[in-house]
Amino acid sequence: GTQTGDDDSTFIGFAFDRFQSYTRGLKLSVGAKLRAPPEPYVKLKYRRVWELTERDLIRLRPILYWKSEEGFGATVNLDYDRVISDSLLFRWANFGNVAEREEVEGVDWGSTFFLFQALSEKRAFIYSVFARGQTEADVTFGNAGFEVRYRHSFLREWLFVEYVTGLSWPRQIPEERRKTIFGAGLFLEAYFGPAPEEFMHPGF
């Protein structure tokens with residue numbers, strides 16, 4: 001979430017998929033964040049994938065949305081993937097977001113380099129280096145850092161544990177000096193209902 005800007009809140013809603021395939025798809029979703037009071041949203045997402053070679057592909061995901069706490073907004077995600085070997089995948093993930101809410105000054109942007117290392121069908125490492133900022137904020141380059149994640153299945157095929165550690169150097173106002181912030185976390189992830197077989201493995 002730190003690198004992509006995604007919200008980790010719990011949602012409930014309905015979605016309609018159109019032209020859904022590996023290379024392209026259109027998805028309309030309506031729902032709400034499970035908070036008190038609930039925060040409704042409407043989101044229209046388009047997905048397009050280009051296979052440049054057998055090892056290289058580009059994914060484009062523009063999104064138009066309305067959220068009760070933000071108003072109208074738009075996000076563009078652009079990713080480049082390179083398969084290095086049977087156990088290594090490189091990804092360069094980028095996003096830009098504009099919104100009506102006052103907290104977003106100009107374009108909220110982020111860029112992350114990932115290296116996914118599959119140790120087996122049940123274990124994987126994820127290494128990442130990221131940068132975040134806003135084009136019209138007092139500090140346009142707001143944060144940078146790196147993370148290491150270790151992920152493995154736990155007790156069941158559909159249950160995963162992920163350990164996270166990393167360092168970041170945030171700055172919010174011009175007078176502030178960047179300090180080294182250490183972070184660590186533990187995540188438990190479970191899949192419910194039918195899912196493609198590849199979703200059950202922590203690798204790629």
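This tour proceeds from the whole chain to its strand pairings, salt bridges and surface patches.

**Before selecting**

The model is predicted, so local features need pLDDT of at least 70 and side-chain atom pairs count only at pLDDT 80 or more, whereas totals for chains, interfaces and linings use all residues. Residues are numbered from 1 along each chain as its sequence is written, and side-chain values use heavy atoms, with hydrogens and water left out.

**The whole chain**

Display the protein chain as a cartoon. The chain contains 11 strands and zero helices, where strands are DSSP runs of E with at least two residues, helices are runs of H or I with at least four residues, and both are numbered from the N terminus. In sequence order the pattern reads β-β-β-β-β-β-β-β-β-β-β. Next, colour by accessibility. Of the 204 residues, 32% are buried; the term means under 20% relative accessible area, while exposed means over 50% and partly exposed lies in between, with a 1.4 Å probe and protein chains only.

**Strands 6, 7 and 8**

Select residues 88-99 and 108-118. These are strand 6 and strand 7, which run antiparallel and are joined by 10 bridges; two strands are said to pair if DSSP finds at least two bridges between them. Within this pairing, Ala93 stands opposite Thr112 of strand 7.

Add residues 123-134, which form strand 8. Strand 7 pairs with strand 8 in the antiparallel sense over 11 bridges, and a hairpin of four residues joins the two strands. Asp108 has Gln134 of strand 8 as its bridge partner.

**Salt bridges between strands**

Keep Asp108 selected and show its side chain with that of Arg132. These side chains meet in a salt bridge, at 3.2 Å from N to O; the criterion is a side-chain nitrogen of Lys or Arg within 4 Å of a carboxyl oxygen of Asp or Glu. Arg132 lies in strand 8 and Asp108 in strand 7, so the pair ties together parts that are 24 residues apart in sequence. Both Arg132 and Asp108 are buried. By this rule the count comes to 10 salt bridges.

Move to Arg59 and Asp79. The closest N and O atoms of this salt bridge are 3.1 Å apart. Arg59 belongs to strand 4 and Asp79 to strand 5 (residues 71-83), so the contact ties together parts 20 residues apart in sequence. Arg59 and Asp79 are both buried. Extending the selection to Arg61, Asp81 and Arg91 shows a network of salt bridges that links these residues with Arg59 and Asp79.

A further pair to select is Arg151 and Glu162, whose side chains form a salt bridge at 3.6 Å, N to O. Arg151 is in strand 9 and Glu162 in strand 10 (residues 156-168), so the pair ties together parts that are 11 residues apart in sequence. Arg151 is buried, at a relative accessible area of 8%, and Glu162 also counts as buried, at 11%.

**Around strand 3**

Return to Arg59 and add Val49. The two are 10 residues apart in sequence and 4.5 Å apart in space, C-alpha to C-alpha. Val49 is placed in strand 3 and counts as buried at 5% relative accessibility.

Then select Thr53, in the loop between strand 3 and strand 4. Thr53 is partly exposed, with a relative accessible area of 43%. Its C-alpha is 9.4 Å from that of Arg82, although the two residues are 29 apart in sequence.

**The surface patches**

Switch to a surface view and select Phe16, Leu28, Val30, Val42, Leu44, Leu64, Trp66 and Phe72. Together they form a nonpolar patch with about 730 Å² of accessible area. Patches are made of residues with over 30% relative accessible area and no salt bridge, joining like charges within 9 Å and nonpolar side chains (Val, Leu, Ile, Met, Phe, Trp, Tyr) within 5 Å. Strand 2 (24-33), strand 3 (39-51) and strand 4 (56-67) each supply at least two residues of the nonpolar patch. One of the members, Leu44, is found in strand 3 and is partly exposed, at 35% relative accessible area.

For the final stop, select Glu105, Glu136, Asp138 and Glu175, which gather in a surface patch of negative charge. Asp138 lies in the loop between strand 8 and strand 9 (141-154), and is exposed, with a relative accessible area of 63%.

Definitions and conventions: Areas by Shrake-Rupley, 256 points an atom, 1.4 Å probe, with all protein chains shown as cover. Lys, Arg positive; Asp, Glu negative; His and termini not counted. Charge placed at Lys NZ, Arg CZ, Asp CG, Glu CD.
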